[in-house]
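I'm opening a fresh page for this one. The plan is to look things up bit by bit and jot down what turns up.

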Amino acid sequence: KLSNPHYKPEVAAQCTLINFIVMEEGLEEQLLALVVNREKPELEERRTALVRSINDYMVMLTDLENQLLERLSNAPDDILSDVPLIEGLEKTKEASIEIEQKVKEAREQEIVINAARNEFRDVAAEASWLYFLLIQLHVIDHMYQYSLDAFTVFFFKAME
């Protein structure tokens, strides 16, 4: 319940404190995803698939780099005499260039999708502002406490 709890050093050393407080920017992004998913589900699906593919490309690129480092670390003293190593390096270079090109194209598509999503940013920003206004009502009376889930339900009802 405390926003910034203070514990004895013995207790603090034995546990990890995790702050689950919602920030305004984070809530705005979550609400934006919900609004876009409701109004234009295909746009949110494309964005989700695009983010997933960018992450997959980055993982593939990291794997290629790790394989390259492993090959080089296990290479004999005369690297130029190891033909499979040189062929592997060429394949890695080609794959790396291809993946970097795909990532670049995906980033360009991401800019277009985010521009389309920004049509709904005002709605999400207003909803985020309203939520943080509502949670301050507990100062007036302790009965005025709202969960994020309850707010989201009312938000969707208002959108209908």
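**Entry 1: a leucine and its patch**

I started with L133, which sits in helix α5 (residues 121-135). Helices here are DSSP runs of H or I with at least four residues, strands are runs of E with at least two, and both are numbered from the N terminus. Before going on, I note that this is a predicted model, in which local features need pLDDT of at least 70 and side-chain atom pairs count only at pLDDT 80 or more, while totals for chains, interfaces and linings use all residues. Residues are numbered from 1 along each chain as its sequence is written, and side-chain values use heavy atoms, with hydrogens and water left out.

Is L133 buried or exposed? Neither quite: L133 counts as partly exposed because its relative accessibility is 45%. The cut-offs are under 20% relative accessible area for buried, over 50% for exposed, and partly exposed in between (1.4 Å probe, protein chains only).

L133 joins W129 and L130 in a nonpolar surface patch of about 300 Å². A patch takes residues with over 30% relative accessible area and no salt bridge, joining nonpolar side chains (Val, Leu, Ile, Met, Phe, Trp, Tyr) within 5 Å and like charges within 9 Å. The areas come from the Shrake-Rupley method with a 1.4 Å probe, and for residues only the protein chains shown count as cover.

**Entry 2: rings**

Next I went looking for aromatic rings. Rings of Phe, Tyr and Trp (its six-membered ring) pair if their centres lie within 6.5 Å; planes under 30 degrees apart are stacked, over 60 edge-to-face, and the rest tilted. By this rule I get four aromatic pairs. One of them is F155 with F156, a tilted pair with 6.2 Å from centre to centre and 55 degrees between the planes. F155 is buried because its relative accessible area is 11%, while F156, at 23%, is partly exposed. Both belong to one aromatic cluster, together with Y131, F132 and F151.

**Entry 3: the core**

Which residues touch the most other members of the largest nonpolar core? I found L31, F151 and F155, out of 17 residues in that core. The elements giving two or more residues to this core are α2 (24-39), α3 (41-73), α4 (83-117), α5 and α6 (148-159). Helix α2 supplies the largest share, five residues. For the record, such a core is a set of buried Ala, Val, Leu, Ile, Met, Phe, Trp, Tyr and Cys residues joined through side-chain atoms within 4.5 Å.

I then checked L31 by itself. Not counting residues up to four places away in sequence, L31 touches A124, A127, S128, F151 and F155. Contact here means heavy atoms within 4.5 Å.

**Entry 4: charges**

Side chains of opposite charge can pair when their charged atoms come close. How many salt bridges does the structure hold? I count nine, each being a side-chain nitrogen of Lys or Arg within 4 Å of a carboxyl oxygen of Asp or Glu.

I looked at R121 and E29, whose closest N and O atoms are 2.8 Å apart. This pair links distant parts of the chain, with R121 in helix α5 and E29 in helix α2, 92 residues apart. R121 is partly exposed at 24%, and E29 is partly exposed at 36%.

E119 and K40 form another salt bridge, at 3.7 Å between the closest N and O atoms. E119 lies in the loop between α4 and α5 and K40 in the loop between α2 and α3, so the pair ties together parts 79 residues apart in sequence. E119 counts as exposed at 52%, whereas K40 is partly exposed at 28%.

E110 and R107 also meet in a salt bridge (3.6 Å, N to O). They both lie in helix α4, three residues apart, about one turn of the helix. Salt bridges that share partners join E28, E29 and R121 into one network.

**Entry 5: two acidic residues**

Last, I compared notes on D77 and E44. D77 is in the loop between α3 and α4 and counts as exposed because its relative accessibility is 85%. The C-alpha atoms of D77 and Y57 are 33 Å apart, with their positions 20 residues apart along the chain.

E44 lies in helix α3 and counts as buried, at 7% relative accessibility. Leaving aside neighbours within four places in sequence, E44 is in contact with A33, V36, N37 and R117.
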